[in-house]
Amino acid sequence: MQLSTIDSNRRNGYIDSEDEADVSESRQRGEYPDTNQDHIKSRSRPAFISGYESIVRFLLLPRQAGVVLLLEFLNSFRSFGLRIVIYNYITNEYGITDTQAGKILGIKGVVDIIFGLLGSILVDIMGVRKVSVLALSIAMIGRTLVAFGRNRMSLFFALYFFSPCGDSLLAIGIYRVALKKLTTPLTRPLAFAVSYAAWNLSSALADVVVDKMRNSVSDFELDESYGWLSGVYTPIRQFIVVTWVFVIITFFIAFCFLRDETVIDLDDIDDYDTSSQTCQENRGGADNNDARWMNSVVPHDATPSIPMISRRILKKWFPKQFTMVHSHEDEEADQRQMNVNDPDPTNRLISLPNYKVYRTKYAYESQEQVPTSVPALRNPCRGLLKVIKQIITILMIQNTWKVLIFGFASFTVVMQWTASEIVLPPFLERRYGESIPIYTIQSINLFGCL
């Protein structure tokens, strides 16, 4: 492939690892001498930031990050809310024995794993938004059958088909994928910590809510005039209806507000982004400048992001740190020097990030937009083949196998927690009676994880 063609296609997102390898080999032969590494290093992220700056940088992330965290919270309530009551629900509502319930949930767990693996590949091909909307659409059907169904056939359809197709796709961490793309290396640890806290908080609240409904809500019955909605609604079934409402709310938020976007900050970019663009920087030699480097890193459709919290509000929250904030563009050097000289982290100037966002391109989009001038790239299976190559590349990394081995070694520990979430509430109920808060007791562990 000609190097000029590689350049144009890279800017449009059509270059894979093999094309990058061609450029790397060309540089090793001397065609692209490494003459401008200092410029890349000058744009690297700072070695240290204070806690204040970490919070400010996080709150200035695009609003899409807030949407993803909200979806994470709602998704946790929807998912964990059903999981904690499903055992008691199917045994009490459908007259299923403990042995039968164990077999049903065991088969469901195997099907969930299969659909989860397929969903991971689907996210790489289609993107987070499309998979999320698709999964929530299917999950609404499955949760409707669980909440309002009255026979075992509808229950089995929900647990063996609609739940794996819907709930399992949402349980593979697709919102974590979106959150990674909406954060930079400096903000990612705090963002993931907030995501983990939101997940545990929502799950703990689900425990508290179901116990509150068990103690304060009584059974009620809808007569036959309500059609398929008729029947007796116990407190547990009413709680599942609440989770059904959460599924609908999550669907509308994802459909209306979730977008596939990636954020970039030129002073805090991923190492991969830097290395993948280094070859373009080196080609210009000594004539390179910031504008040329920015054009090679930032896509042409990137726009300034709208932050979760405006800078005006943050200035009120952190008045001391914002008193002497300089213009990031005009006085960046002075600000860095002052940050280095001041030993007190609380007095350091907050380096305001310059976030830009652009649409994330996935495999199906790249295939649709492949230029006709590059026939080799017009393979209809190119998107799927690219994902397969990525999987093979990941499996060739030694650390991947270390993670897999550790995962299998800790499998029993993980299953212990999962089994505890399912069997602990009915055990407590049968051992100590229905009057004790069996789900609130289980929430202690989740509140502790915060």
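**Notebook: patch, rings and a small sheet**

I began at the surface, where helices α18 (382–395) and α19 (398–409) each supply at least two residues of a nonpolar patch. A reminder to myself before going on: this is a predicted model.

**Entry 1, the patch.** I listed its members next: I391, L395, W401, L404, I405 and F408 together make a nonpolar surface patch of about 610 Å². Which helix gives the most to the patch? It is α19, with four residues. I then picked out I391, which I found in helix α18. Its relative accessibility is 35%, so I noted I391 as partly exposed; the cut-offs I had in mind are under 20% for buried and over 50% for exposed.

**Entry 2, aromatic pairs.** I turned to the rings and got a count of 11 aromatic pairs. I opened the pair of F77 and F239: the ring centres are 6.0 Å apart and the planes stand at 55 degrees, so I wrote this pair down as tilted. F77 belongs to helix α5 (residues 63–93) and F239 to helix α11 (residues 235–257), so the pair ties together parts that lie 162 residues apart in sequence. Buried or exposed, I asked of F77 and F239? Both are buried.

F77 has another entry in my list, with F246. Here the pair is stacked, at 4.1 Å centre to centre and 20 degrees between the planes. This pair also links distant parts of the chain, since F77 sits in helix α5 and F246 in helix α11, 169 residues apart. I checked burial again, and F77 and F246 are both buried.

I also noted one aromatic cluster, formed by F148, F220, W228, Y233 and W244.

**Entry 3, charges over rings.** Which residue lies over the face of Y233? I found R150 there, at 4.9 Å from the ring centre. Y233 is the residue I had just listed in the aromatic cluster. I noted a further case at F255, where the charged end of R129 sits over the ring, 5.5 Å from its centre.

**Entry 4, a contact across the sequence.** I looked up I107, which lies in helix α6 (residues 98–126). Its relative accessible area is 45%, so I107 goes down as partly exposed. I107 and Y160 are 53 residues apart in sequence, yet I read 7.8 Å between them in space, C-alpha to C-alpha.

**Entry 5, the sheet.** My last stop was an open sheet of three strands in the order β3-β5-β4, with antiparallel pairing. The edges belong to β3 and β4 (303–304), each with a single partner strand, so one side of each is left without a neighbour in the sheet. As a general point for my notes, strands of a sheet pair through backbone hydrogen bonds.

How many bridges join β3 to β5? I got four, and the two strands, β3 and β5 (residues 356–359), run antiparallel. One position I marked here is V263, which stands opposite V357 in β5. On the other side, two bridges join β4 to β5, again antiparallel. There I noted K356 in β5 as the bridge partner of P304.

I finished with the side chains of β3 (residues 261–264): E261 and V263 point one way, T262 and I264 the other way. Interestingly for my list, all of these are buried.

Methods. Residues are numbered from 1 along each chain as its sequence is written. This is a predicted model: local features need pLDDT of at least 70, side-chain atom pairs count only at pLDDT 80 or more; totals for chains, interfaces and linings use all residues. Side-chain values use heavy atoms; hydrogens and water are left out. Patches are made of residues with over 30% relative accessible area and no salt bridge: like charges are joined within 9 Å, nonpolar side chains (Val, Leu, Ile, Met, Phe, Trp, Tyr) within 5 Å. Accessible areas come from the Shrake-Rupley method with a 1.4 Å probe; for residues, only the protein chains shown count as cover. A salt bridge is a side-chain nitrogen of Lys or Arg within 4 Å of a carboxyl oxygen of Asp or Glu. Buried means under 20% relative accessible area, exposed over 50%, partly exposed in between (1.4 Å probe, protein chains only). Rings of Phe, Tyr and Trp (its six-membered ring) pair if their centres lie within 6.5 Å; planes under 30 degrees apart count as stacked, over 60 as edge-to-face and the rest as tilted. A charge sits over a ring if NZ of Lys or CZ of Arg is within 6 Å of the ring centre and within 35 degrees of the ring normal. Two strands pair if DSSP finds at least two bridges between them.
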